[in-house]
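Here is a report on one structure, written for a reader who will want to check contacts and pockets directly. Please keep the viewer open while reading.

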Amino acid sequence: TKNYDYLIVGAGPFGMTFAYEAAKRGKRSLVVEKRAFIGGNTHTHVEDGITVHDFGAHIFHTDNKMVWDYVRQFAEFNGFQNQVIANYNGKLYNLPFNMNTFYQMWGTKTPDEAKAKIEEQKAAALKELGDRQPRNLEEQAISLIGTDIYKALIKGYTEKQWGRKATELPAFIIKRLPVRFIYDNNYFNHRYQGIPVGGYTQIFEHMVERADGLIDVMTNTDFFDHKDEFLAEFPKVLYTGMIDQFFDYKHGELEYRSLRFESETIDSDNYQGNAVINYTDAETPFTRQMEWRHFDGLADEGKTIITREYPQDWDRTKEAYYPVNNEKNTELYKKYVQEARENAPEVMFGGRLGKYRYFDMDQVFNDALNTVRQEFGIDDDFNFAHD
Ligand code: FAD
């Protein structure tokens with residue numbers, strides 16, 4: 001057996017970035033991954049010349065130039081910008097809420113007209129509420145944006161996402177509803193955006209290739225099948241799985257929402273004319289439909305692949321996608337953090353499952369690099385110069 005410096009649980013962006021940076025500093029890692037492939041939820045594969053994102057649309061977007069430079073060491077990025085269309089009972093609207101949406105909804109043409117319309121809608125809602133605070137998500141959303149947009153573009157989608165009526169969901173889920181009074185359908189506000197040409201998986205393959213043999217990856221290996229041996233053998237562990245599972249759920253189970261994906265290859269050059277279409281009514285059982293060729297701006301080629309995303313309840317047999325960060329789970333998570341501090345000081349917990357937070361990819365890369373900084377005592381900025 002080799003002399004490993006680290007055991008890394010999970011071959012997602014967090015684990016792989018740490019392994020790569022450790023290798024650059026001469027440290028050897030064994031990465032164990034329970035799935036059959038690396039890249040975690042960012043994993044992509046190529047089929048009929050089309051790059052398919054296996055766990056839902058992944059668009060890289062960030063204002064963090066360091067992270068943007070970092071990921072571009074491992075892949076060339078295209079200039080994709082997400083411009084989502086909403087389909088509400090057959091009528092189409094642009095997202096995020098902007099002058100195009102307001103025109104489609106009310107026929108307003110200038111920012112002043114649109115603002116007046118939204119104020120009028122909000123005023124009606126606030127009158128209804130009187131003095132009290134919004135008691136649920138529905139009241140909260142209406143008080144922020146009015147009834148028309150809420151009904152067409154928020155209600156059904158949110159109810160499907162959470163599997164509950166908007167009147168039974170807590171108000172805190174929606175804190176703000178950003179609106180733009182410009183004609184701009186670019187979903188994200190970030191300066192740097194794109195998708196790796198050929199997909200995300202290559203990023204992690206390149207990390208392994210460039211680690212000069214210092215990273216070994218074992219796929220189809222669940223840490224919990226060998227937990228005691230691993231912990232006995234490895235002085236240092238980076239764990240990016242579920243933190244409650246690490247402690248055998250001893251304080252109880254953290255809750256998640258799950259998703260189911262259904263893909264189809266269709267004999268068409270261009271099936272829906274856009275990368276992502278959200279279905280915002282309550283009846284269509286899926287929330288979004290992706291057409292992958294549009295993420296790469298591929299030319300028409302006779303075949304296209306689409307994927308529908310269905311939210312579903314989570315249990316231990318399903319993939320955990322979105323943490324449910326309510327009060328109960330936040331308290332529970334704190335207990336596990338305490339547990340980790342007291343009983344597993346040799347283990348670093350990282351990534352979206354280890355930290356029980358929804359993180360976008362740029363945050364995950366950034367956090368992983370911060371963990372590297374701490375572990376290796378680096379106090380200056382990383383320099384990732386590349387051409
Ligand atoms: P993961 O990618 O989940 O990797 C963790 C890995 O650990 C997994 O491969 C898992 O199998 C493995 N693992 C867990 N437990 C064990 C165990 N016991 N033994 C062995 N291995 C284990 N981010 C964006 O920036 N832009 C987007 O557009 C975007 N869209 C998203 C859409 C969806 C539907 C979802 C779910 C997420 C999206 N994200 C997006 C977020 C992105 O997926 C995450 O930021 C990223 O995958 C987190 O990386 P990670 O390494 O923390 O976790």
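## Polar contacts of the ligand

In this predicted model, phenylalanine 14 meets the ligand through its backbone. A backbone N or O atom of phenylalanine 14 sits 3.0 Å from a ligand oxygen atom. Histidine 58 uses its side chain instead: a polar atom there lies 2.7 Å from an oxygen atom of the ligand. Tyrosine 358 pairs with a ligand nitrogen. The distance from that nitrogen to an N or O atom in the tyrosine 358 side chain is 3.1 Å. How much of the ligand's own accessible area does the protein cover? On its own the ligand has 1,000 Å² of accessible area, and the protein covers 97% of it.

## The shell around the ligand

The shell around the ligand holds 33 residues. Those that come nearest are Glu33, His58, Arg352, Phe359 and Met361. Sorted by class, the shell has 16 nonpolar, 11 polar and 6 charged residues.

Which helices supply at least two residues each to this shell? Helix 1 (13–24), helix 11 and helix 12 each do.

## The second largest pocket

The second largest pocket encloses about 430 Å³ of space. Its lining is made of 23 residues. Val347, Met348, Phe349, Lys355 and Gln374 lie nearest the pocket centre. Four elements give two or more residues to this lining: helix 10 (327–343), strand 16 (347–349), helix 11 (351–354) and helix 12 (361–376).

Helix 12 gives the most, with 5 residues. Helix 11 and helix 12 also supply residues of the ligand shell. The class split of the pocket lining is 11 nonpolar, 6 polar and 6 charged residues.

## The loop between helix 6 and strand 8

Arginine 180 lies in the loop between helix 6 (147–162) and strand 8 (192–194). Is arginine 180 buried or exposed? Arginine 180 has a relative accessible area of 12%, so it is buried, the cut-off being under 20%. A polar atom of the arginine 180 side chain lies 2.7 Å from the backbone oxygen of asparagine 186.

Arginine 176 is in the loop between helix 6 and strand 8 as well. Its relative accessible area is 64%, so arginine 176 counts as exposed. Arginine 176 and leucine 231 are 55 residues apart in sequence, and their C-alpha atoms are 44 Å apart in space. Aspartate 184 also has its place in the loop between helix 6 and strand 8. At 24% relative accessibility, aspartate 184 is partly exposed.

## Pairs distant in sequence

Aspartate 184 and proline 96 are 88 residues apart along the chain. Their C-alpha atoms are separated by 8.3 Å. Proline 96 itself is in the loop between strand 7 (91–94) and helix 3 (99–106).

Proline 323 gives another such pair. This residue is found in strand 15 (residues 322–323). Proline 323 is buried, at 9% relative accessibility. Its C-alpha atom is 8.2 Å from that of leucine 353, which is 30 residues away along the chain.

## Backbone geometry to check

Which form does the peptide bond from leucine 95 to proline 96 take, cis or trans? The bond is cis, with omega near -10°.

Two residues other than glycine have positive phi. Asparagine 220 has phi of about 50°. Its place is the loop between strand 9 (215–218) and helix 8 (227–233). With a relative accessible area of 56%, asparagine 220 is exposed. Tyrosine 249 has phi near 55°. This residue lies in the loop between helix 9 (243–246) and strand 11 (256–266). Tyrosine 249 is buried, with a relative accessible area of 14%.

Key. Residues numbered from 1 in each chain as written. Predicted model: local features only at pLDDT ≥ 70, side-chain atom pairs only at ≥ 80, totals over all residues. Heavy atoms only, no water. 1 Å grid on protein atoms, 1.4 Å probe; cavity = no way out; pocket = protein on both sides within 12 Å on 5 of 7 lines; lining within 4 Å. Points joined across faces, edges and corners; volume = space filled by probe spheres on them. Nonpolar A, V, L, I, M, F, W, Y, C, P; charged D, E, K, R; others polar. Near = heavy atom within 4 Å. Polar contact = N/O pair within 3.5 Å; in protein donor to acceptor, adjacent residues only side chain to side chain. Areas by Shrake-Rupley, 256 points an atom, 1.4 Å probe, with all protein chains shown as cover. Buried < 20%, exposed > 50% of the residue type's maximum accessible area, 1.4 Å probe, protein only.
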